[in-house]
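Biologist: Please show me the model, and then let us ask how each label is earned.

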Amino acid sequence: MICTSLVVYIYYQTAQKISLSKVLTSKILLSGIFGMLVGVLFQFFMIWLSHFVIQRTQIPFNMLNQLPISQGNSWLLLIPIVFVPIMEECVFRYSMINFLNQKLPVTFSILISSLLFALMHGGGHILTYTGLGILFYFIYHYSKSLISPIIAHVGMNLLVILFNI
């Protein structure tokens with residue numbers, strides 16, 4: 001939680017200053033919700049593909065490893081549901097892509113950031129998490145706000161936790 005708070009603080013110190021009236025527009029909210037739905041469908045497709053085509057049985061939800069620590073302490077579920085997505089979006093969608101864009105074309109920046117996002121998640125589902133990283137970037141790019149991919153990411157993590165409790 002301390003790392004997430006620090007990352008959010010640094011993000012808001014370096015981000016362009018925007019008025020609070022622009023923080024939650026309908027475009028931002030709808031982009032986040034639409035992105036969450038597309039992301040969930042994408043994950044289900046990748047699960048189907050890996051299970052039936054590649055014959056892999058492992059589910060690509062690395063948050064399952066975090067569930068036992070929260071049993072009996074339901075407030076700890078805020079870490080994988082809220083704090084981790086905020087930190088990941090600030091790092092991978094904002095900071096890393098903007099840094100890489102200074103040296104590389106945007107396409108390479110997106111791919112590198114998304115691949116690192118996938119490698120950080122582990123579990124051998126690189127294509128699934130790389131695809132989600134690319135999706136979250138396009139949500140960010142379309143809405144012009146980091147709040148949209150955060151909404152999508154938080155919503156997806158919430159659904160994963162709810163379906164697996």
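Modeller: Let us start with handedness: a crossing counts as right-handed if the near helix is turned clockwise from the far one by less than a right angle, and as left-handed if the turn is anticlockwise. Keep in mind that this is a predicted model.

Biologist: Which hand does the crossing of helix 2 and helix 7 have?

Modeller: Helix 2 and helix 7 make a right-handed crossing.

Biologist: How do the axes of helix 2 and helix 7 run? And why is helix 2 called oblique to helix 7?

Modeller: The two axes, with helix 2 covering residues 26–53, cross at roughly 40° and come within 7 Å. Angles under 35 degrees would count as roughly parallel and 65 to 115 as roughly perpendicular, so this one falls in between and helix 2 is oblique to helix 7.

Biologist: Which residues of helix 2 and helix 7 meet?

Modeller: On the helix 2 side they include Gly32, Gly35, Met36 and Gly39, and on the helix 7 side Ile151, Ala152, Gly155 and Met156 are among them. Sorted by class, this contact of helix 2 with helix 7 holds 11 nonpolar, seven polar and one charged residues.

Biologist: What makes seven residues there polar?

Modeller: The scheme puts Gly in the polar class, so glycines such as Gly32 and Gly155 are counted there.

Biologist: How do helix 4 and helix 7 cross?

Modeller: Their axes cross at roughly 145° and come within 9 Å, and the crossing is right-handed. Among the residues that meet are Pro80, Ile81 and Glu88 in helix 4, and Pro149, His153 and Val154 in helix 7. The contact of helix 4 with helix 7 divides into 10 nonpolar, two polar and two charged residues.

Biologist: At what angle do helix 4 and helix 5 pack?

Modeller: The angle is about 145°, and the axes of helix 4 and helix 5 are 9 Å apart. Helix 4 passes helix 5 in a right-handed crossing. Phe92 and Arg93 are among the helix 4 residues that meet helix 5, whose own partners include Leu116 and Phe117. By class, the contact of helix 4 with helix 5 has 10 nonpolar, four polar and two charged residues.

Biologist: Which residues touch the most other members of the largest nonpolar core?

Modeller: They are Phe117, Leu132, Phe136 and Met156, in a core of 14 residues. The elements giving two or more residues to this core are helix 2, helix 4, helix 5, helix 6 and helix 7, and helix 6 gives the most, with five residues. There is also a second, separate core of nine residues, including Cys90, Tyr94, Ile97 and Leu146.

Biologist: What does Phe117 touch, leaving out residues up to four places away in sequence?

Modeller: Its contacts include Phe92, Leu132, Phe136 and His153.

Biologist: Let us turn to accessibility. What makes Lys144 count as exposed?

Modeller: Exposed means over 50% relative accessible area, and Lys144 is at 64%, so Lys144 counts as exposed. Lys144 sits in the loop between helix 6 (126–143) and helix 7 (147–164).

Biologist: What is the phi of Lys144?

Modeller: Lys144 has a positive phi of about 60°, although it is not a glycine. Most residues other than glycine have a negative phi.

Biologist: Why is Phe83 called partly exposed?

Modeller: The relative accessible area of Phe83 is 22%; buried would need a value under 20% and exposed one over 50%, so Phe83 is partly exposed. Phe83 belongs to helix 4, and its C-alpha atom is separated by 8.6 Å from that of Val154, 71 residues apart along the chain.

Biologist: And how do you know how Phe45 counts?

Modeller: At 44% relative accessibility, Phe45 lies between the 20% and 50% limits, so Phe45 counts as partly exposed. Phe45 is in helix 2, and the C-alpha atoms of Phe45 and Thr128, 83 residues apart along the chain, are separated by 9.3 Å.

Biologist: How many helices and strands does the chain have?

Modeller: The chain has seven helices and zero strands. Of its 165 residues, 40% are buried.

Definitions and conventions: Residues numbered from 1 in each chain as written. Predicted model: local features only at pLDDT ≥ 70, side-chain atom pairs only at ≥ 80, totals over all residues. Heavy atoms only, no water. Buried < 20%, exposed > 50% of the residue type's maximum accessible area, 1.4 Å probe, protein only. Axes fitted to C-alpha atoms, helices over the stretch in contact; angles between N-to-C directions. Parallel < 35°, antiparallel > 145°, perpendicular 65-115°, else oblique. Contact = heavy atoms within 4.5 Å. Core = buried A, V, L, I, M, F, W, Y, C linked by side-chain atoms within 4.5 Å.
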